[in-house]
Amino acid sequence: MLNMITSARTYADFTTQATFEIKKCDVFKLDEGPATQVVLTRDEGLQYYRTMQTMRRMELKADQLYKQKIIRGFCHLYDGQEACAVGIEASINLSDHLITAYRAHGYTYTRGGTVKEIMAELTGRRGGIAKGKGGSMHMYCKHFYGGNGIVGAQVPLGAGVALACKYQGNNELCVCLYGDGAANQGQIFETYNMAALWKLPVIFICENNRYGMGTSVERAAASTDYFKRGEFIPGLRVDGMDVLCVREATRFAADHCRSGKGPILMELQTYRYHGHSMSDPGVSYRTREEIQEVRSKSDPISMLKDRMLSNNMASVEELKEIDVEVRKEIEDAAQFATTDPEPPLEELCNHIFCDMPSLEVRGTNPWAKLKSVS
């Protein structure tokens, strides 16, 4: 009891909110940009810290399980880019919609999936978020239309979701994410055109992590000003390593969409610590020194932690306590993901359609029949 009183007394001494000066966004076809003076409350800071730390630890555990051959197939990790997902989610509602490419584990978590469900999906188990049938690139939950394996293909799908929002008149929007590697795809420009014509409530977000697979942006694009690529769509270029910059820019973009002005384009300048996928060591086309420099100067978790500590918004012990809790959650999830059974063969064809009467599906040979249940 005494400990609880001491703890409560200590927490009462913390600063409950502080104002920070953040980096100004570059703007395109806009008279003004997002605010550069922002307020962060202690509760928000702790929440962002826990979420980013969970995402980071989850990806590091996925790396470990992949190297142990427990996770197989494609696996694209998100560590380094956590500020993008957390900043976006801080400024939209869970009733808004989000679709992304194949680096999707972090967004599955921020959209409402649990660490346990995500880890079990990675190992192809029954308790996975897609019942073990989707794997790393195909995870879904409410208002989250998954990771998508075809480069750039989620962009027109996201515009379709935004069209549904407009059609239904529900004041919702769709966040549609893609990487710099997909930014030169023709279907993206076709989608820009339709979204601008129909004034769709869609935020196009290019997560520019500087390398499309192993190719640097300078070698892949004649213009690396991705935020200007919409041509007739306004754009913002944002520091994607700073959760507060991403939060303010997304808030600005969401207001733009909800006020009926149509689409807006954001370029988040970010960085991935791992290679493109687990089969890419990530150091053949960039130096270890480059990765280390980003880690030491721009790490999103370290930046938030330093801000909070230097403004008396949290204590070192409190943040360490969060780290310990997060590590335990990840370990428990990994334990579940390695012991949960794989889905049985008879469930292979389930959920092909939504709300359909059961139907027969041809199996692995012309005589094998499987029943699909919605």
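These legends describe close-up views of a predicted model.

**View 1. Helix α2 packs against helix α12.**
Helix α2 covers residues 42-67, and helix α12 covers residues 316-339. Two packed helices are described by the angle between their axes and the distance between the axes. Here the angle is about 40° and the axes lie 9 Å apart. That angle makes α2 oblique to α12. The crossing of α2 and α12 is right-handed. On the α2 side, the residues in contact include Arg42, Leu46, Tyr49, Arg50 and Leu65. On the α12 side, they include Glu318, Leu319, Ile322, Asp323 and Thr338. Sorted by class, the contact of α2 with α12 has 9 nonpolar, 3 polar and 10 charged residues.

**View 2. Six strands form an open sheet, β2-β9-β10-β6-β5-β4.**
The pairing in this sheet is mixed. Its edge strands are β2 (26-28) and β4 (97-99), each of which pairs on one side only. On average, neighbouring strands of the sheet are turned by 20° against each other, direction ignored.

**View 3. Strands β6 and β10 run parallel within the sheet.**
Strand β6 spans residues 202-208, and strand β10 spans residues 264-269. The two strands are joined by 6 bridges. Opposite Gln269 in β10 stands Asn208.

**View 4. Helices α6 and α9 pack on the sheet.**
Helix α6 (residues 154-168) touches β4, β5 (174-179) and β6. The direction of α6 makes about 170° with that of β5. Helix α9 (residues 243-258) touches β6, β9 (235-239) and β10. The direction of α9 makes about 170° with that of β10.

**View 5. Strands β1 and β3 run antiparallel.**
Strand β1 (residues 17-21) is joined to β3 by 5 bridges. Glu21 stands opposite Gln37 in β3. Strand β3 itself consists of residues 37-41. On the covered face of β3 are Val38 and Leu40. On the uncovered face are Gln37, Val39 and Thr41.

**View 6. A hairpin joins β11 to β12.**
The connection between the two strands runs through 6 residues. Strand β11 (residues 359-362) pairs with β12 in the antiparallel sense, over 4 bridges. Glu360 has Lys371 in β12 as its bridge partner. Lys371 belongs to the uncovered face of β12, together with Lys369. The covered face of β12 (residues 369-372) holds Leu370 and Ser372.

**View 7. Asn171 has a positive phi.**
Most residues other than glycine have a negative phi. Asn171 is not a glycine, yet its phi is about 60°. This residue is found in the loop between α6 and β5. Asn171 counts as partly exposed because its relative accessibility is 48%, and the partly exposed class lies between 20% and 50%.

**View 8. Asn312 also has a positive phi.**
The phi of Asn312 is about 55°, although Asn312 is not a glycine. Asn312 is found in the loop between α11 (300-310) and α12. With a relative accessible area of 37%, Asn312 is partly exposed.

Terms used: Residues are numbered from 1 along each chain as its sequence is written. This is a predicted model: local features need pLDDT of at least 70, side-chain atom pairs count only at pLDDT 80 or more; totals for chains, interfaces and linings use all residues. Side-chain values use heavy atoms; hydrogens and water are left out. Axes are lines fitted to C-alpha atoms, for helices over the stretch in contact, and angles run from 0 to 180 degrees between N-to-C directions. Angles under 35 degrees count as roughly parallel, over 145 as roughly antiparallel, 65 to 115 as roughly perpendicular and the rest as oblique. A crossing is left-handed if the near helix is turned anticlockwise from the far one by less than a right angle, and right-handed if clockwise. Contact means heavy atoms within 4.5 Å. Ala, Val, Leu, Ile, Met, Phe, Trp, Tyr, Cys and Pro count as nonpolar, Asp, Glu, Lys and Arg as charged, and the others, Gly among them, as polar. Two strands pair if DSSP finds at least two bridges between them. Buried means under 20% relative accessible area, exposed over 50%, partly exposed in between (1.4 Å probe, protein chains only).
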